[in-house]
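The exercises below concern helix packing, burial and backbone geometry. Each task is followed by a solution that proceeds step by step.

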Amino acid sequence: GAPSAALPGVAMPDRQGDAKQSATLISDLRVANAELSDINLKCADGINVATSRFILAARSRVFRRMLYGNFAESKSNEVPVMFPSTVVRPLVNYCISDEVVTTRTNFAQYHFNGGEEEEAAVLCGIVNAAHYFELPGLEQIAADHLCTRMDERPPVACVVLEETSTATTVEGMGKGDMLGVRFQRLTWNLRKRAMDVIRHRTRDALLPHDLSHGRGVLSLSASGIWEVISDSDIHADELMLFQCLKKWVDEYDGADCGGTTLRGAVAAAPQKRKHDEMADDRLSVAQALSSKIDLTKIPPSALKNIVSPSGLIGKEDLASAFEAQALRAENHGFSFSRVRSTSEPKGKVVVKGAGVQEVNGEYVPRGRIDGVTKYVKISFWKGREEAFSLFRFASIDGSRTWYISIVPRNFEPGSDDDRDFYFFQCQYDFPFGRDWKAKEEGVDPAPICVWEPDNEWS
């Protein structure tokens, strides 16, 4: 036989073992962290998280300076940190394994049983803590998962708007170096993404059907509701904005809102803006904020039956609105409902993962159908250039379905002549989600659709 290439007394490398090396290392580090822990991180909620001084210092320059430098923490077995245990536990796990909390199962292992909005607040806290302890990889991954969650669950945008407003006020977070600039950009992008979701998917984000879909506007603090109601670019009419304000007052359940991961943790953190001093008196805030709503653009019947009984608007203001409108205008079919902005969202829908490869790619806004934007991608299919259309179609029974189809030239979408690849039954104004299914021309797996704005600060 052929001579062996191995040197005498030298073992050949185990290729199969190499493939498992990373997993084995992570397992060993977890065991070491549990059995050889030598410090407790005393979290802001009073819970101690046991860990290894060496592992933390190896991953973070901040921990290295804190635990091995000329600081009191270097001589103590108990180190106070300003973040709650729901944030510190995932951060320690990342230092050990490079893994990030992203799913309900991951959250459960840290004894956290909140809903999606509470989990989003924790992810915001992880972004903040990762910046503070100089873990940019963790910081970016958590921010990316927040963007995905806002696309899939619009009420999460309210939580992100609140948490990012808090992050920039915590002492020590805005470091005066490139890391600080990066954090400010990342936070700005998260806030902008949250406002884009609220602006273009207002009802879904602020007024979900019930609490099982999210708290929506109830997650906003006084400054948060002020920012939303005052926004001139929001795609909502005045009645919807008033309903948001009324719900914010009437259905408040006493739950903490506005920076849930940090506000209670650091006494000096909440440097509230000019309207936050009224946060404990929601009625006063709402009455002051009602001046931002143009009552003349609310139908007279809604003014009478919804606005007037709320107690948020004075009688003189209501009388002026009725006089300006004149009920006769409504009787003659005039519509008072107007959205503030009719501009198309700036960006594109990216379709990916479809079994039919030609379907995948970037779809750009091209006209409207069923009151929402239609998206189009030009591509070749079966050797011929075709226009793939992503559009929503309303059925006779009132249900709505999004389709990815090839629509024949000079035909409106939704006819029997369409070549349908995939469909998604959804009432939302945007086709985001993972519930797409294959149709006649489609092949599994079905795609997912994500939104990519083209005007983010990067």
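The loop between β10 (437-438) and β11 (448-453) contains P445. The model examined here is a predicted one.

**Exercise 1. Unusual backbone geometry**

Task: Determine what kind of peptide bond joins D444 and P445, and establish where D370 and N410, each with a positive phi, are placed.

Solution.
Step 1. Most residues other than glycine have a negative phi, and most peptide bonds are trans.
Step 2. Omega between D444 and P445 is about 5°, and the bond is cis.
Step 3. D370 is not a glycine, yet its phi is positive, at about 55°. This residue belongs to the loop between β5 (361-369) and β6 (372-381).
Step 4. N410, likewise not a glycine, has a positive phi of about 65°. Its loop runs between β8 (400-406) and β9 (419-425).
Step 5. The accessibilities can now be classified. Relative accessible area is 23% for D370, which is therefore partly exposed. For N410 the value is 84%, and this residue counts as exposed because the cut-off is over 50%.

**Exercise 2. Two helix pairs**

Task: Describe how α15 is oriented relative to α16, and how α12 is oriented relative to α14.

Solution.
Step 1. Two packed helices are described by the angle between their axes and the distance between the axes.
Step 2. For α15 (residues 300-310) and α16 (residues 315-325), the axes come within 10 Å and cross at roughly 165°. Angles over 145 degrees count as roughly antiparallel, and α15 and α16 are therefore roughly antiparallel to each other. The crossing is left-handed.
Step 3. On the α15 side, the residues in contact are P300, L303, K304, V307 and S308; they meet L318, A321, F322 and Q325 of α16. Sorted by class, this contact comprises 6 nonpolar, 2 polar and 1 charged residues.
Step 4. For α12 and α14, the axes approach within 11 Å and cross at roughly 20°. Angles under 35 degrees count as roughly parallel, and α12 and α14 are therefore roughly parallel to each other. Their crossing is right-handed.
Step 5. A222, I225, W226, I229 and S230 of α12 meet V285, A288 and L289 of α14. By class, the contact has 7 nonpolar residues, 1 polar residue and no charged residues.

**Exercise 3. An enclosed helix**

Task: Establish how many residues of α13 are buried, and which helices are included in what covers them.

Solution.
Step 1. Helix α13 (residues 238-250) has 13 residues, and its end-to-end C-alpha span of 18 Å is close to the expected 18 Å.
Step 2. Of the 13 residues, 10 are buried, so α13 is largely enclosed by the rest of the structure. Among them are L239, F242, W248 and also E238 and K247.
Step 3. The cover over these buried residues includes α11 (202-206), α12 (222-230), α14 (282-289) and α15.

**Exercise 4. The surroundings of L138**

Task: Decide whether L138 is buried or exposed, and identify which residues it touches.

Solution.
Step 1. L138 lies in helix α8 (residues 136-152). This helix has 17 residues and reaches 25 Å, close to the 24 Å expected.
Step 2. The relative accessible area of L138 is 1%, and L138 is therefore buried, since buried means under 20%. Other buried residues of α8 include A142, L146 and M150.
Step 3. Leaving aside residues up to four places away in sequence, L138 touches L91, Y94, V100, I126 and A130.
Step 4. L91 is 47 residues from L138 along the chain, while their C-alpha atoms are separated by 8.0 Å.

Technical notes: Residues numbered from 1 in each chain as written. Predicted model: local features only at pLDDT ≥ 70, side-chain atom pairs only at ≥ 80, totals over all residues. Heavy atoms only, no water. Axes fitted to C-alpha atoms, helices over the stretch in contact; angles between N-to-C directions. Helix = DSSP H or I, 4+ residues; strand = E, 2+ residues; numbered from the N terminus. Parallel < 35°, antiparallel > 145°, perpendicular 65-115°, else oblique. Left-handed = near helix turned anticlockwise from the far one by under 90°. Contact = heavy atoms within 4.5 Å. Nonpolar A, V, L, I, M, F, W, Y, C, P; charged D, E, K, R; others polar. Expected span 1.5 Å × (residues − 1). Buried < 20%, exposed > 50% of the residue type's maximum accessible area, 1.4 Å probe, protein only.
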